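Q: I'd love a close look at one part of this model, with enough of its surroundings to place it. Could you walk me through it?

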Amino acid sequence: MSQPASNDICALHDIPDGGGLEAAPSVLVLRRGGEAWAYRNVCPHFSIPLNYEPDAFWTYEGGLLMCAHHSAMFRFEDGVCVDGPCLGASLRRIPIRIDHGRVMIEDESIT
Ligand code: FES
């Protein structure tokens, strides 16, 4: 039996539709339907994780992620803060692709 590739971080369906999952240490993956985006789980406001509890990410309408600390709001698709104390700042993007229902990080050195 073959082992999963080291850049294979989760199945797309492991991520709640319209929500987020910390799929690898400090790697947050957001999903809307068949699309997904990955970012470092670090808020640009205070450089701390965006969540208080494991995998408890607060999202709205499948399009915005809210930091649990001071309520900065980030767009799923580009990680830009559109409201809150770090308006205009961005989450750090991690390039991914979806391959046969699996979320794969493009650069294995990131994991
Ligand atoms: S630490 Fe995220 S909004 Fe302040």
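In what sense do strand 10 and strand 11 pair, and over how many bridges? Please tell me about the setting of strand 11 as well.

A: Happy to. Please keep in mind that this is a predicted model. Strand 10, residues 96-99, pairs with strand 11 in the antiparallel sense, and the pairing runs over four bridges. Within that pairing, R97 stands opposite M104 of strand 11. The two strands make a hairpin with two residues between them, and H100, in the turn, has a positive phi of about 50°.

Strand 11 also pairs with strand 1. Strand 1 covers residues 8-11 and runs antiparallel to strand 11, with three bridges joining the two. Here D8 has M104 as its bridge partner in strand 11, so M104 is a residue to look at from both sides: D8 is its partner in strand 1, and R97 stands opposite in strand 10. Put together, these strands form an open sheet of three in the order 1-11-10, with antiparallel pairing. Strand 1 and strand 10 are the edge strands, each pairing on one side only. On average, and ignoring direction, neighbouring strands of this sheet are turned by 30° against each other.

Now for the two faces of strand 11. V103 and I105 lie on the covered face, while R102 and M104 lie on the uncovered one. In general, side chains of a regular strand alternate between the two faces of the sheet.

The covered face leads us to the interior. The largest nonpolar core has 27 residues, and those with the most contacts inside it are A23, V27, L28, V29, L30, A36 and A38. Strand 11 (102-105) is among the elements that give two or more residues to this core, together with strand 2 (20-24), strand 3 (27-32) and strand 4 (35-40). As a general tendency in soluble globular proteins, nonpolar side chains are buried together.

V29 is a good place to see the link with strand 11. Leaving aside neighbours within four places in sequence, V29 is in contact with V103, and also with C10, I15, G20, L21, A23, A36 and A38. L21 stands opposite V29 of strand 3, in a pairing of strand 2 and strand 3 that is antiparallel and has four bridges.

Those strands belong to another open sheet, made of four strands in the order 2-3-4-9 with antiparallel pairing. Its edges are strand 2 and strand 9 (93-94); each has a single partner strand, so one side of each is left without a neighbour in the sheet.

Stepping back to the whole chain, there are zero helices and eleven strands. The radius of gyration is 13 Å, close to the 13 Å that the globule rule gives for 111 residues, so the chain is as compact as a globular protein of that length. Of the 111 residues, 29% count as buried. Among contacts with a separation of 6 or more, 40% are between residues 24 or more positions apart.

Finally, a word on the record: an unreviewed UniProt entry carries the annotation "domain: Rieske" for residues 7-105. The end C-alpha atoms of that span lie 5 Å apart, and the span is 0% helix and 43% strand.

Note on methods
Residues numbered from 1 in each chain as written. Predicted model: local features only at pLDDT ≥ 70, side-chain atom pairs only at ≥ 80, totals over all residues. Core = buried A, V, L, I, M, F, W, Y, C linked by C-beta atoms within 7 Å. Buried ≥ 20, exposed ≤ 12 C-beta atoms within 10 Å, placed from the backbone. Contact = placed C-beta atoms within 7 Å. Pairing = 2+ DSSP bridges. UniProt positions renumbered as here; feature names shortened; annotations may be inferred. Axes fitted to C-alpha atoms, helices over the stretch in contact; angles between N-to-C directions. Rg over C-alpha atoms; globule rule 2.2 N^0.38 Å.
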